[in-house]
Amino acid sequence: MENTTGTAMTRLQRYQSRLSAYYAAEMAILEGAQSYKIGSRNLTRANLAEISDMIKYLEQRVAAEEAAEKGRGRNRV
């Protein structure tokens with residue numbers, strides 16, 4: 001996967017990008033939208049619970065990737 005500068009996106013960047021899209025979808029739902037777009041997918045009948053669950057998951061993944069980049073990842077034997 002490449003970003004706009006032509007360099008490969010890291011896993012952290014991909015998670016951050018997806019998280020940003022889910023935040024936007026959540027805000028659209030909260031503002032009354034019944035359909036929204038994530039990437040190339042058009043979704044209708046918004047399910048706030050599913051969006052919230054994915055946001056929690058992506059926030060955990062971003063935190064884990066950031067910790068790993070700083071050398072504070074999980075201990076390995």
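These legends accompany several close-up views of a predicted model.

**View 1. The whole chain: two helices and two strands.**
The chain of this predicted model has 77 residues, of which 21% count as buried. Its secondary structure comes to 2 helices and 2 strands, and along the sequence these elements follow the pattern α-β-β-α. Helix α1 covers residues 11-30, while helix α2 covers residues 48-69. The views below keep coming back to these two helices.

**View 2. Helix α2 from end to end.**
Here is a quick check you can repeat on the coordinates. Helix α2 has 22 residues, and a rise of 1.5 Å for each residue, counted over one less than the number of residues, leads to an expected span of 32 Å. The end C-alpha atoms of the helix are 31 Å apart, which agrees with that expectation. Look next at the two ends. At the start of α2, a side-chain oxygen of Asn 47 comes to within 3.1 Å of the backbone nitrogen of Ala 49. After the helix comes Gly 71, with a positive phi near 80°.

**View 3. The buried residues of helix α2.**
Six names are worth labelling in this close-up: Ile 51, Ile 55, Leu 58, Val 62, Glu 65 and Ala 67 are buried in α2. An α-helix has 3.6 residues a turn, so residues three or four places apart point the same way. For contrast, pick out Ala 63, which also lies in helix α2 but is partly exposed, at a relative accessible area of 43%.

**View 4. The largest nonpolar core.**
Which residues make up the largest nonpolar core? There are 12 in all: Leu 12, Tyr 15, Leu 19, Tyr 22, Ala 25, Ile 29, Ile 38, Leu 43, Ile 51, Ile 55, Leu 58 and Val 62. Both helices take part, with α1 and α2 each supplying at least two residues of this core. The largest share, 6 residues, comes from α1. As background, nonpolar side chains in soluble globular proteins tend to be buried together.

**View 5. A salt-bridge network centred on Glu 65.**
How many salt bridges does the count come to? The count is 2 salt bridges, and Arg 11, Arg 61 and Glu 65 are linked in a network. In one of them, Glu 65 pairs with Arg 11, with the closest N and O atoms 3.7 Å apart. Glu 65 belongs to helix α2 and Arg 11 to helix α1, so this pair ties together parts that are 54 residues apart in sequence. Arg 61 also forms a salt bridge with Glu 65, at 3.7 Å from N to O. That pair stays inside helix α2, where Arg 61 and Glu 65 are 4 residues apart, about one turn of the helix.

**View 6. Buried or exposed: how do the salt-bridge partners sit?**
Glu 65 has a relative accessibility of 13%, and because this is under 20% the residue counts as buried. Arg 11 is partly exposed, with a relative accessible area of 46%. Arg 61 is partly exposed too, at 26%.

**View 7. A nonpolar patch on the surface.**
Nonpolar side chains also appear on the outside of this model: Met 27, Leu 30 and Leu 48 make a surface patch of about 270 Å². Leu 30 is found in helix α1. With a relative accessible area of 54%, Leu 30 counts as exposed, because the value is over 50%.

**View 8. Three pairs brought together from separate parts of the sequence.**
Try the distance tool on these C-alpha pairs.
- Ala 63 and Gln 16 are 47 residues apart along the chain, and their C-alpha atoms are separated by 10.0 Å.
- Tyr 23 and Ser 52 are 29 residues apart, with a C-alpha separation of 8.8 Å. Tyr 23 lies in helix α1 and is partly exposed, at a relative accessible area of 35%.
- Ala 24 and Ile 38 are 14 residues apart, and 8.7 Å separates their C-alpha atoms. Ala 24 is found in helix α1 and is partly exposed, with a relative accessible area of 49%, whereas Ile 38 is one of the residues of the largest nonpolar core.

Definitions and conventions: Residues are numbered from 1 along each chain as its sequence is written. This is a predicted model: local features need pLDDT of at least 70, side-chain atom pairs count only at pLDDT 80 or more; totals for chains, interfaces and linings use all residues. Side-chain values use heavy atoms; hydrogens and water are left out. Buried means under 20% relative accessible area, exposed over 50%, partly exposed in between (1.4 Å probe, protein chains only). A polar contact is a pair of N or O atoms within 3.5 Å; within protein, one must be able to donate a hydrogen and the other to accept it, and residues adjacent in sequence count only if both atoms are side-chain atoms. Patches are made of residues with over 30% relative accessible area and no salt bridge: like charges are joined within 9 Å, nonpolar side chains (Val, Leu, Ile, Met, Phe, Trp, Tyr) within 5 Å. Accessible areas come from the Shrake-Rupley method with a 1.4 Å probe; for residues, only the protein chains shown count as cover. A salt bridge is a side-chain nitrogen of Lys or Arg within 4 Å of a carboxyl oxygen of Asp or Glu. A nonpolar core is a set of buried Ala, Val, Leu, Ile, Met, Phe, Trp, Tyr and Cys residues joined through side-chain atoms within 4.5 Å.
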